[in-house]
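I sat down with this one and kept notes as I went. Here is what I looked up, entry by entry.

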2 protein chains.
Amino acid sequence: MPERPSLSRQIAADLRDAILRGDLPPGAVLPSERELIERYGTTKATASRVIGILLAEGLVSTEFGRGTFVRSRPPLRRISAARRHAAHRHTGKPIFDAQAISQGQVPTRRMLFVGRMATPPQAATWLKIAPGAETAVRRRLQLLDGEPAVLSTSYYPLWVAEGTRLESPEPLPEGPDELIEALGHSFSHGIEVFSARMPTPEEAELLALRPGVPVVHMWDVDYDRQDRTLQVAHDIYASDRHEFAYEWNEADINT
Amino acid sequence: MPERPSLSRQIAADLRDAILRGDLPPGAVLPSERELIERYGTTKATASRVIGILLAEGLVSTEFGRGTFVRSRPPLRRISAARRHAAHRHTGKPIFDAQAISQGQVPTRRMLFVGRMATPPQAATWLKIAPGAETAVRRRLQLLDGEPAVLSTSYYPLWVAEGTRLESPEPLPEGPDELIEALGHSFSHGIEVFSARMPTPEEAELLALRPGVPVVHMWDVDYDRQDRTLQVAHDIYASDRHEFAYEWNEADINT
DNA sequence: AAGTGGTCTAGACCACATA
DNA sequence: ATGTGGTCTAGACCACTTT
């Protein structure tokens, strides 16, 4: 893509270099659009486009009436997945809460929906049921220190959830996993599948995402020993507030 | 963020709905900018901004002189990490190649750099060496069916790499992992840490990323039984051409 | 009041693809 | 030749923040 660069890309490159070089450290204010207009002898539309480019790259964020600032990459919360089952079992708390607390953060949640729904196709596939068949659904926004972090939707098959507290709108103090085990089920194996993409506007709003911040999109599926699906979770993570870690050791290789 | 929507966002929302509803299926052409101008009674700049919004969301892509098209989410290549060590060991090929072939794809690679370098800070931390100290570095672009897929940079400590083929610019037919084992080392445990973000312009160019496509950014570190770092890899994946899967079973929990 | 980003109209020219 | 996206100048008004 050798595209000889347009003026707006040229200016954006100048600013990007200054940021990456450290001349404009995190938190620093960028030249205002009016300043760019003067300095480069251009117009508002172009200056605005320059900011738009850097915004889309996630390098800066704008504050209304104040200016444009170099975004700081804040310390990330590490979510070590697969293994979290081992570490945070039987704490009497949801895994999310236990992990957050162990990192010195305050977990909260906002329940968005609890009830039955026609299962979306992708979830139905994991649940091994007909698409459109009903499942029990819990959808909530999980926050760390008051900031939105994860948008999580869990699907439970009716043979697991029917008549249990999984269908009640109140929060589950012990977390869904422990509740499911208390109901006599047992987690045997699971899989996590994820990818990254840009958020939908709804996701961006719920997670308070700034422009240029992608989401990590994860399916988390747990099975019992009979290979029946006990739960399917669909999680949307704000990528600028998370990193993910998976560890392995020799024992895994020889499985 | 209830921001009462501007005209450009309004129009973008209309088109987005049509796409998500399926009225504009993948591959379909969007109304041209001139058409939008007429239909909504607006001007070029606004129509252009509308396309820009959808572009940044990764929903559409533009083709010069042809039009704007609904992007199709192509079938993704699943990279099952951690466990790939088990599955693809001792095939006589690099793990990437073995995995690609097992999915019916043709792996190729373009070596970008082989030699010694001052180690960047982050890599030095994983390697447990002083930042700036030299390591042997191999940087290459890996392709699937001719399309760029992964930009991979590996760092090898000198006590592992010195005087070996790891420092030679030729490709390693058996892959670095098997070569390291052949040199008498042994992989004992490892960790993968990743996050997602928007690409730098350099990454976007090398990976031929269209606008609105994030990258998954991964550190992959392998240790021997003495907990010495054998290699550190820094991989940049095109997120629209990859998904990642991690499996676990009961044995992992009781580790 | 002054400065900032956000959005818009109006009109122009360029580069590329296709028929 | 025509239609497409890409970019630009010129100038305007709005909404918000800070002094």
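**Entry 1: sorting residues.** Before looking at the DNA, I noted the classes: Ala, Val, Leu, Ile, Met, Phe, Trp, Tyr, Cys and Pro count as nonpolar, Asp, Glu, Lys and Arg as charged, and the others, Gly among them, as polar. I also noted the numbering: residues count from 1 along each chain as its sequence is written, chains are lettered from A, and ligands are numbered from 1 in the order in which they are written. This is a predicted model, where local features need pLDDT of at least 70, side-chain atom pairs count only at pLDDT 80 or more, and totals for chains, interfaces and linings use all residues.

**Entry 2: confidence.** I checked pLDDT, the predictor's confidence in each residue, from 0 to 100. Chain A has a mean of 88, and 91% of its residues reach 70 or more. Where in chain A is confidence lowest? I found the low spot in helix α4 (residues 84-88), with a mean of 61, while helix α7 (residues 158-161) is highest at 96. Note to self: where pLDDT is low, the predicted coordinates should not be read in detail.

**Entry 3: chain A overall.** I counted helices (DSSP runs of H or I, at least four residues) and strands (runs of E, at least two), both numbered from the N terminus. Chain A has 10 helices and 10 strands. Its C-alpha atoms fill a box of roughly 70 × 40 × 35 Å along the principal axes. For burial, I placed C-beta atoms from the backbone: a residue is buried if 20 or more other C-beta atoms lie within 10 Å of its own, exposed if 12 or fewer, and partly exposed in between. By that rule, 37% of the 255 residues of chain A are buried.

**Entry 4: two domains.** Domain bounds come from an automatic or database domain assignment. For chain A it gives domain 1 (7-70) and domain 2 (77-248). Their C-alpha centres lie 38 Å apart. I then looked at contacts, meaning two residues whose C-beta atoms, placed from the backbone, lie within 7 Å. Five residues of domain 1 of chain A are in contact with four residues of domain 2 of chain A. On the domain 1 side, the touching residues are two nonpolar, two polar and one charged.

**Entry 5: the DNA.** I called a residue near a strand if its C-beta atom, placed from the backbone, lies within 6 Å of it. Which residues are closest to DNA strand D? Of the 25 that surround it, they are A:Ser6, A:Leu7, A:Ser8, A:Gly65 and B:Gly65. Two or more residues each come from α1 (7-21) and α3 (44-56) of chain A, and from α2 (33-40), α3 (44-56) and β2 (67-70) of chain B. By class, this surface has six nonpolar, 12 polar and seven charged residues.

Next I tried DNA strand C, which 25 residues surround, the closest being A:Gly65, B:Ser6, B:Leu7, B:Ser8 and B:Gly65. Here α2 (33-40), α3 and β2 (67-70) of chain A give two or more residues each, as do α1 (7-21) and α3 of chain B. The surface near strand C divides into six nonpolar, 12 polar and seven charged.

**Entry 6: one helix and one residue.** In helix α5 (residues 95-102) of chain A, I found A:Phe96, A:Asp97, A:Gln99 and A:Ala100 buried. They sit on the same side of α5(A) because they cover an arc of only 165° around the axis, the arc being that of the directions from the helix axis to the C-beta atoms. A:Gly104 follows α5(A), with a positive phi near 75°.

I also checked A:Glu33, in helix α2 of chain A. It is partly exposed, with 19 other C-beta atoms within 10 Å. Not counting residues up to four places away in sequence, A:Glu33 touches A:Lys44, A:Ala47, A:Ser48 and A:Ile51.

**Entry 7: loops in chain B.** B:Leu207 lies in the loop between α9 and β8. Is B:Leu207 buried or exposed? I put it down as buried, because it has 24 C-beta neighbours inside 10 Å. B:Leu207 and B:Ala238 are 31 residues apart in sequence but 6.7 Å apart in space, C-alpha to C-alpha.

B:Ala208 is in the loop between α9 (201-206) and β8 (215-223) of chain B, and has a positive phi of about 55° although it is not a glycine. B:Ala208 is partly exposed, with 15 other C-beta atoms within 10 Å.
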